[in-house]
Amino acid sequence: MPIREPGICVVDVEKGELRGASNRYTKTMADLAGLYEDEAAYKAALAKLDDKVVYEVTDFKPSADAGDMIIGVTRMIPGKVGNEYFLTRGHIHANANRPEMYYGEAGHGIMLLESPAGEIRTVEIGPRSMCYVPPYWIHRSVNVGTTELVMTFAYPADSGQDYDIIAKAGGMRSRIVDDGKGGWKAVDNAGYRFRSRELVESIMAK
Ligand code: NI
């Protein structure tokens, strides 16, 4: 790996972005088709939000080299589709043995994690809490608050993202929904299909 120049980026918590970022991507409700259980509520949310950005990522990516690191900021607006809180698409790292760190800057979020074998964990994230996403866990963030969820993150530059693993299983095993008392709860996703033992082993062998 060559010697690289040090960098500095400023986390703009108000705007929910990284100043000095080299990349930005945004997702609108139209980009999130198929993720929510309630199809009618999804269509209503689509009509209401139109091309409003639901979440965005700004990051500083020096390279994709093994041993290098990507740092960035993610911002998600609050809201629900039916009783299901807004969420990110979610992924496992294409190099599945790579970890990640998320640090809460503003808002109230859940990191929903699922092992290849289908174990579920929920980690609550608020300002100044740091979430460790271990290698091999599928991860997705959910905004369960009433304000924007802003988090800083860092992960190895050669991690990559595999989004298909979630789609192929019919979603993640749990959905994060309104508990009717102003909070959240995890409920079973009726459409979930467990991965075969062969598939789990092939992921764990990476
Ligand atoms: Ni990740």
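Let me start with disulfides. How many disulfides does the count come to? The count comes to 0 disulfides. Keep in mind that this is a predicted model. For the first-years: a disulfide is a covalent bond between the sulfur atoms of two cysteines. Cysteines are present here, and I will name two. Cys9 has a relative accessibility of 17% and Cys131 has 3%. The cut-off for buried is under 20%, so both count as buried.

Next, the metal site. Which residues coordinate the nickel ion? They are His91, His93 and His139, each through NE2, and Glu100 through OE. The distances run from 2.0 to 2.3 Å. Along the sequence, the spacing of these donor residues reads H-x1-H-x6-E-x38-H. Glu100 belongs to strand E8, residues 100–106, and His139 to strand E12, residues 138–143, so this pair ties together parts that are 39 residues apart in sequence. Glu100 and His139 are both buried. As for geometry, the angles between the 4 donor atoms go from 84 to 165°, and therefore the arrangement is irregular.

Now the interior. The largest nonpolar core has 43 residues. Which residues have the most contacts inside it? Those are Met29, Tyr36 and Phe86. Several elements each supply at least two residues of this core, including helix H1 (39–49), strand E4 (53–60), strand E5 (69–76) and helix H2 (164–168). Strand E12, where His139 sits, is also one of the elements that supply at least two core residues. Look at Met29 on the model. Beyond its neighbours within four places in sequence, Met29 is in contact with Tyr36 and Phe86. Other contacts of Met29 include Tyr42, Ala45, Leu46 and Leu49, and the range of helix H1 is 39–49.

Apart from the largest core lies another one, of 5 residues. Among them are Cys9, Leu18, Val73 and Val150. So Cys9, buried at 17%, turns up again here.

Close to this second core in the discussion is Arg19, in strand E2, residues 17–19. Is Arg19 buried or partly exposed? Its relative accessible area is 47%, so Arg19 is partly exposed. Leaving out neighbours up to four places away, Arg19 is in contact with Cys9, Val10 and Asp12. With Asp12 there is a polar contact between the side chains, at 3.4 Å. Arg19 and Val73 are 54 residues apart in sequence, and their C-alpha atoms are 9.4 Å apart in space.

Val73 also appears beside Thr152, a residue of strand E13. Outside its sequence neighbours up to four places away, Thr152 touches Val73, and also Val11, Gly72, Met101, Tyr102, Tyr103 and Glu105. The side chains of Thr152 and Glu105 are joined by a polar contact of 2.4 Å. Thr152 has 16% relative accessibility, so it counts as buried.

Another residue to find is Glu84, in strand E7, residues 84–85. Is Glu84 buried or exposed? Glu84 is at 3% relative accessibility, and so it counts as buried. What does the side chain of Glu84 reach? It reaches the backbone nitrogen of Glu37, at 3.1 Å. Not counting residues up to four places away in sequence, the residues Glu84 touches include Leu35, Tyr36, Glu37 and Arg175. Tyr36 is one of the residues with the most contacts inside the largest core.

Last, the loops. Most residues other than glycine have a negative phi. Asp50 has a positive phi, near 50°. Asp50 lies in the loop between H1 and E4, and at 53% relative accessibility it counts as exposed. Tyr136 also has a positive phi, near 80°. Its place is the loop between E11 and E12.

The loop between E8 and E9 holds Gly107. Gly107 and Thr147 are 40 residues apart in sequence, with 5.7 Å between their C-alpha atoms. Thr147 is among the residues that Gly107 touches, along with Ile125, Gly126, Pro127, Glu148 and Leu149, not counting residues up to four places away in sequence.

Conventions. Residues numbered from 1 in each chain as written. Predicted model: local features only at pLDDT ≥ 70, side-chain atom pairs only at ≥ 80, totals over all residues. Heavy atoms only, no water. Disulfide = S-S within 2.5 Å. Buried < 20%, exposed > 50% of the residue type's maximum accessible area, 1.4 Å probe, protein only. Helix = DSSP H or I, 4+ residues; strand = E, 2+ residues; numbered from the N terminus. Polar contact = N/O pair within 3.5 Å; in protein donor to acceptor, adjacent residues only side chain to side chain. Contact = heavy atoms within 4.5 Å. Donors = N, O, S within 2.8 Å, 3.2 Å for Na, K, Ca; no water. Tetrahedral: all angles 85-135°; square planar, octahedral: opposite > 155°, others 65-115°. Core = buried A, V, L, I, M, F, W, Y, C linked by side-chain atoms within 4.5 Å.
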